[in-house]
Amino acid sequence: MVGLSDDLKHGYTAARRSGRVLTTLLVCINDYRTTLNSKPENEEEWQSFLKGCHQRCAERTRRVLEQNGSIFIKLGQHLSSMNYLLPTEWTTTFIPLQDRCPVSSYESIEQMFISDTGASIADHFDDFEKEPIGTASLAQVHRATMKGTGQKVAVKVQHPALEEWVPLDLALTRLTFSWLKWVFPQYDLEWLSKEMESSLPQELNFALEGKNAMRTKEYFGRLHEIPLVIPDVKWGLKRILVMEYVSGHRTDDLEFIDSNDIDRDEVSATLARIFNEMIFGDCALHCDPHGGNIAIRRSISKRKPNFEIVLYDHGLYREIPKQLRRDYAKLWLAVINADEQAMRQYAFKVAGITAEQFPLFASAITGRDYRVVTRSVISIRSVQEKEQISGAMGDGMLQQLVQLLGKVPRIILLILKTNDLTRSLDENLHTREGPVRNFMILARYCSRTVFREQLETIGQHGSVLWPKNLLRFIQAWSSYLSVELKLSLYEYYIFIRRMARPVPIIEP
């Protein structure tokens, strides 16, 4: 009878969860169809009419996401950051979801420990803080002390309720975007649900996250010039991950950075090196580098720089195929050199971008107005440029962007997402150099990637001492050295210029 009661309870709750989603979906579809079929002649009145519809539907949707919780909170958080794709009314309405993460009870965590490990929390730890020090849509983190050793650790635990509802919630998400595509074919967002279905199983496997963390820690451990700290993993299961406790401040905590005499430009450059190394090096790419997953702390070492970057949350990684890395490097070299013909050539190789799609794609990968990209991308984005991009989205470019993102390979979507997040991290630092130095760092990684490809090609044709191969090697080496020399001289120039400028003061 108890089992039957549990089944009935599950069925009832599942029906309620599904009912909320489907009812709200139908109401919003009807609201949009009614609004779009009642367009007034006055443009100002029409914009007000449409904004009202956006706001109503966004508020209805947020209420359902909050009520259902689970992965719907994560979906809402992701949508809140898509201001390049969704109307402002939607993204701003979803912002509160960033702080509405569920908190699982200590009792439910205790039961999960017993179920997954066969032992209680007290059997694993001498001390375990019942209140989490951090919560997210999929998990929460508790501070604890390892039994016997006294070492402080961070214990990441999955919300126990997720296991019950993830299959249904993914099906509802897939159904929602499928219906939206059927009703409004010009706004095909099915790629969002497909990416979520692909990514979520990885993010929910904490044992895999532990392996990703240790592999990345080992890789960057060989790169002593990059001050990156990745917490050591003690042990991990599918729903529980125990790591070394490493704290830090957010990278947008400018008061901490300035009070510790940490150079903002060096922080920006370090972040650029970390993620360029992941994209162009022999390391998998961390695809979720938002502000909550990156911290900064003052270094205890006497070596420069005087800070360390701490990287958390290694659940979502992707391997970038070697040829894609190489073509992507050539694409960025073309962008930096404002070589439009080469940009178009490698945009097609990287993502199958046609001549018609290219201007939009160029803006998407750089976050810049296309007219700027074809002149010089190495400049600070002005307020006017940001407004021009936003205005273009409202003038019909939005439909084109939705369709474009639905066609490019999934790995390119994740690279674009990483680019957007790291660009946001950099802008929040308010550096003296702006994006100039980071483009120099990017150019150096791209140049190195192309040079390595040339060496590999030469090696496939026999010994480097053969006359033809030796000539090819000298040409490749000369070209590489020429780029390195130019970049080094330019970096020295901007260093001198930076020393002459005061640090920007940001008004609170």
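**Group meeting: a sheet and its helices**

Good morning. I begin with a pair of strands: E10 and E11 run antiparallel and are joined by five bridges. Within this pair, Ala295 stands opposite Val310 of E11. Please keep in mind throughout that we are looking at a predicted model.

For those new to the topic, the strands of a sheet pair through backbone hydrogen bonds, and the pairing may be parallel or antiparallel.

Let us now place the pair in its sheet. The sheet is open and has four strands, in the order E5-E11-E10-E8, with mixed pairing. Its edge strands are E5, residues 228-229, and E8, residues 249-250, each of which pairs on one side only. On the other side of the sheet order from E8, E5 pairs with E11, residues 307-311, in the parallel sense, over two bridges. There, Leu228 has Ile309 of E11 as its bridge partner.

Is strand E11 enclosed or open to the outside? Five of its five residues are buried, so E11 is largely enclosed by the rest of the structure. Both of its faces are covered: Phe307, Ile309 and Leu311 are buried on one side, and Glu308 and Val310 are buried on the other.

Next, the helices. Helix H11, residues 264-280, lies across E5, E10 and E11, and runs at about 40° to E11. Helix H9, residues 206-221, packs against H11 at an angle of about 110°, and the two axes are 12 Å apart. How are H9 and H11 oriented to each other? An angle from 65 to 115 degrees counts as roughly perpendicular, and H9 and H11 are therefore roughly perpendicular to each other. On the H9 side, the contact is made by Thr216, Tyr219 and Phe220; on the H11 side, by Ile274, Glu277 and Met278.

I turn finally to helix H2, which spans residues 43-68 and has 26 residues. From its first C-alpha to its last it reaches 38 Å, close to the 38 Å expected at 1.5 Å a residue. Which residue caps the N-terminal end of H2? That residue is Asn42, with a side-chain oxygen that lies 3.0 Å from the backbone nitrogen of Glu44. Along H2, the buried residues include Trp46, Leu50, Cys53, His54 and Cys57, and further on Val64, Leu65 and Asn68. Just after H2, Gly69 takes a positive phi of about 60°.

To close, I return to E11: this strand pairs with E10 in the antiparallel sense and with E5 in the parallel sense. Thank you for your attention.

Technical notes:
Residues are numbered from 1 along each chain as its sequence is written. This is a predicted model: local features need pLDDT of at least 70, side-chain atom pairs count only at pLDDT 80 or more; totals for chains, interfaces and linings use all residues. Side-chain values use heavy atoms; hydrogens and water are left out. Two strands pair if DSSP finds at least two bridges between them. Contact means heavy atoms within 4.5 Å. Axes are lines fitted to C-alpha atoms, for helices over the stretch in contact, and angles run from 0 to 180 degrees between N-to-C directions. The expected span of a helix is 1.5 Å times one less than its number of residues. Buried means under 20% relative accessible area, exposed over 50%, partly exposed in between (1.4 Å probe, protein chains only). A polar contact is a pair of N or O atoms within 3.5 Å; within protein, one must be able to donate a hydrogen and the other to accept it, and residues adjacent in sequence count only if both atoms are side-chain atoms. Angles under 35 degrees count as roughly parallel, over 145 as roughly antiparallel, 65 to 115 as roughly perpendicular and the rest as oblique.
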